[in-house]
Amino acid sequence: MNNDDGSVDLNLPNPMSSALANIVKFPDFLTGDKEADRLILQYGRPFFGIKRPKNYRPRAPKACFLNAFNLAMEERGTYCEGVSVGKSLGFHHAWITLDGEHAIDVTLPDAQDHSYFGIAFRGSQFNRLATSRITDGQLRPVFSDPIDDLLRNFLRDMSVATPSDVKTS
């Protein structure tokens, strides 16, 4: 999350600020790709994990990208990708949001104990971007190596959802 002067704001609740500091210090810490990590820091923002609402059942473990994508395609939330931090280390992860502030995570059983930092994607351009990453029935992360022009253009064109763009239910 950038400040007006372009610097990265790390004044977030610990351990999230520690995880983001690691991304700044080790530019491929999160995704294994320096450019991907830079883009997440540049365009991302914090989300707060909440207890999964009753109408959002647990989905397949270790399939966060596909789980979040499927819910977004069902129009049950906005796809988000970035970092999730529990009690210690952060990891590359995907979730959905309904309001642009709270993370609904159908992959992790304890989302309310996690902090999230990432990008909320929306619209038909996101559908095109995400479907371009399906191979053999598996969805690769939006921020998969290598970063392609489709993602760069998507971010540049500001097709990233802001909290006011995300519909509430």
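Two residues are said to be in contact when heavy atoms of theirs lie within 4.5 Å. In this predicted model, such contacts give a view of how the chain is folded. Among contacts between residues at least 6 apart in sequence, 62% join residues at least 24 apart.

**The chain as a whole**

The secondary structure consists of five helices and eight strands. Followed along the sequence, these elements take the order α-α-β-α-β-β-β-β-α-β-β-α-β. The chain has 169 residues, and buried residues account for 47% of them. The chain exposes about 8,600 Å², of which 51% is supplied by carbon and sulfur atoms.

**Two residues with positive phi**

Two loop residues deserve attention for their backbone angle, and helix H3 (64–73) helps to place them. Lys62 belongs to the loop between strand E1 (45–49) and helix H3. Although Lys62 is not a glycine, its phi is positive, at about 60°. Glu75 lies in the loop between H3 and strand E2 (78–85). The phi of Glu75 is likewise positive, near 60°, and this residue is also other than glycine.

Are these two residues buried or exposed? A residue is called exposed when its relative accessible area is over 50%. Lys62 has a relative accessibility of 84% and therefore counts as exposed. Glu75 has a relative accessible area of 61%, so Glu75 is exposed as well.

The values for the two residues are set out below.

| Residue | Phi | Relative accessible area |
|---|---|---|
| Lys62 | about 60° | 84% |
| Glu75 | near 60° | 61% |

Conventions. Residues are numbered from 1 along each chain as its sequence is written. This is a predicted model: local features need pLDDT of at least 70, side-chain atom pairs count only at pLDDT 80 or more; totals for chains, interfaces and linings use all residues. Side-chain values use heavy atoms; hydrogens and water are left out. Helices (H or I, at least four residues) and strands (E, at least two) are DSSP runs, numbered from the N terminus. Buried means under 20% relative accessible area, exposed over 50%, partly exposed in between (1.4 Å probe, protein chains only). Accessible areas come from the Shrake-Rupley method with a 1.4 Å probe; for residues, only the protein chains shown count as cover.
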